[in-house]
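Student: I have a structure open and I would like to learn how to read it. Can we go through it feature by feature?

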Amino acid sequence: MSTLDQRLGAELERIREAQLYRVRRAVDGAHGVAITVDGKPCINFCSNDYLGLASDSRVAEAARKSLALTGTGSGAASLVSGYNREHKLLEEALAAYLNRPRVLLFSTGWAANLGALRALLGKEDRLLADELNHASLIDGGRLSGARYVRIAHADAPAFAQELAKPHAGQSLVATDSIFSMDGDLAPLSDLIATTQQHGATLMVDDAHGFGVTDWKPSVNDVPVYVATLGKSLGCSGAFVAGSETLIEFLIQRARSWVFSTATPPAIAAAAREALRIVVAEPQRQQHLQRLVQRYRAGAQQLGLPLSNSQSAIQPLVVGSEARALQLSQFLMQRGLWVAAIRPPTVPQGTARLRITFSAAHTEAQVDTLLSHLADGWKAICT
């Protein structure tokens, strides 16, 4: 065994002993609400497929039709020969939906945040970032070389206090809209007012809100808007939406876009069909909110701990890594897939089940989840 393998093996053992070891589970077939995991049929309560479009036959058909015409790959980066008409049509559809001049597609949300932050910031600038931002915003900010200022979670006065301090370069505020592990909202109205007052730029990652909520901020309020296609639209990829000038600048300077092969055109076609469905079927968002409220009302009646989240993300904080794993396994044995989230994804002592809801869930499925959660909580966590 090499020295490297010895060192890594020892670290892996430490991770196992700390109940932090992560294991992939193989899914057979479509990634919908009814799902087969490692050969076991179950109901999925840990996906980001908020509107139930990841397994929608119309979205799949749009991909199949495009696949027959465009093939399996784009063959190159967009600035070389990878930019397909399907990419152009999706960018235009997203821009129209958001009432923004331009959109630029990226291969992933990580690439979008990394590319935008590294392009927009330099060593003379400062970045003010919520402490619970997604890892892609954290890494993008640190790699930009700007002075990184970590702000207490959702603390609008702290952002304002920091922005009031003199600074020679530009200031950019970056935040999630809906935080991925807690499901709570950023103080967006306050941040918009604060950044405008101090001449700063606001960048919002709306990955967990796009298509699920009706929030569509103007370019003046949120100059840099980022969202993904892999959650509400059930596809993959991401985009940055903004002014004509912003998008043209990113085309020149966003390294994660310039040097990445463009996404398969068929995926863009599928995302465009998913966006059409989002617009045509607002009842999906309405049903999703009813499910969230049903869960919260039921959890309160059963004495289960609730966060202040009103979104489709409903964390059940357990605290102990071992108990979070046990509770997740308890539910899996009863045909419910709810992943245990542990450090370093969440802070120490806040291991949890990250329960998420989809418009494809039924009320009966939510009631089944509540019943088994109550049994598991009593057996494991009390």
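**Reading the inside of a predicted model**

Tutor: Let us begin with enclosed space. The second largest cavity has a volume of about 60 Å³. Keep in mind that this is a predicted model.

Student: Which residues line the second largest cavity?

Tutor: The wall is made by His 31, Gly 32, Val 33, Asn 44, Ser 47, Asp 49, Tyr 50, Thr 356, Phe 357, Ser 358 and His 361. Sort them by class next. Three are nonpolar, seven are polar and one is charged.

Student: How many cavities of 30 Å³ or more are there?

Tutor: The count is three. The largest of them holds about 130 Å³ of space.

Student: What surrounds the largest cavity?

Tutor: Its lining has 14 residues. Ser 78, Leu 105, Trp 257, Ala 262 and Thr 263 lie nearest the centre. By class, the lining has six nonpolar residues, seven polar ones and one charged one.

Student: Which element gives the most to that lining?

Tutor: Strand E4 does, with three residues. Look for three elements there: helix H4 (85-98), strand E4 (102-106) and helix H10 (255-258). Each supplies at least two residues of the lining.

Student: Now pockets. How much space lies in the second largest pocket?

Tutor: A pocket is open, while a cavity is closed to the probe. The second largest pocket has about 280 Å³. Its lining counts 21 residues, and Val 212, Thr 213, Asp 214, Gln 285 and Gln 289 lie nearest its centre. Two elements give two or more residues to this lining: helix H11 (265-280) and helix H12 (283-302). The classes are ten nonpolar, nine polar and two charged.

Student: Let us turn to a strand. Is E7 mostly covered or mostly uncovered?

Tutor: Check each residue for burial. Strand E7 covers residues 171-176, and six of its six residues are buried. Now take the two faces in turn. Ser 171, Val 173 and Thr 175 are buried on one side. Leu 172, Ala 174 and Asp 176 are buried on the other.

Student: Which strands pair with E7?

Tutor: Follow the bridges. Strand E5 (residues 126-130) pairs with E7 in the parallel sense, over four bridges. One bridge to find joins Leu 127 to Leu 172 of E7. Strand E8 (residues 201-205) also pairs with E7 in the parallel sense, over five bridges. There, Val 173 has Leu 202 of E8 as its bridge partner.

Student: What do E7, H8 and E8 make together?

Tutor: Trace the chain from strand to helix to strand. E7, helix H8 (residues 188-197) and E8 form a β-α-β unit, and the unit is right-handed.

Student: Last topic: cysteines. How many disulfides does a search of the whole structure find?

Tutor: A disulfide is a covalent bond between the sulfur atoms of two cysteines. The search finds zero here.

Student: Why does Cys 46 have no such bond?

Tutor: Compare distances. The closest cysteine sulfur to that of Cys 46 is in Cys 42, 7.9 Å away, so the gap is too far for a bond. The cut-off for a disulfide is within 2.5 Å. Cys 235 is in no disulfide either. For Cys 235, the nearest cysteine sulfur belongs to Cys 46, and the distance is 19 Å.

Student: Is Cys 235 buried or exposed?

Tutor: Cys 235 counts as buried because its relative accessible area is 17%, and the cut-off for buried is under 20%.

Notes:
Residues are numbered from 1 along each chain as its sequence is written. This is a predicted model: local features need pLDDT of at least 70, side-chain atom pairs count only at pLDDT 80 or more; totals for chains, interfaces and linings use all residues. Side-chain values use heavy atoms; hydrogens and water are left out. On a 1 Å grid over the protein atoms alone, a cavity is a set of points where a 1.4 Å probe fits but cannot get out, and a pocket is an open set with protein on both sides within 12 Å along at least five of seven lines; lining residues have an atom within 4 Å of a point. Grid points are joined across faces, edges and corners, and a volume is the space filled by probe spheres set on the points. Ala, Val, Leu, Ile, Met, Phe, Trp, Tyr, Cys and Pro count as nonpolar, Asp, Glu, Lys and Arg as charged, and the others, Gly among them, as polar. Buried means under 20% relative accessible area, exposed over 50%, partly exposed in between (1.4 Å probe, protein chains only). Two strands pair if DSSP finds at least two bridges between them. A crossover is right-handed if, with the strands pointing away from the viewer, the path from the first strand over the helix to the second runs clockwise.
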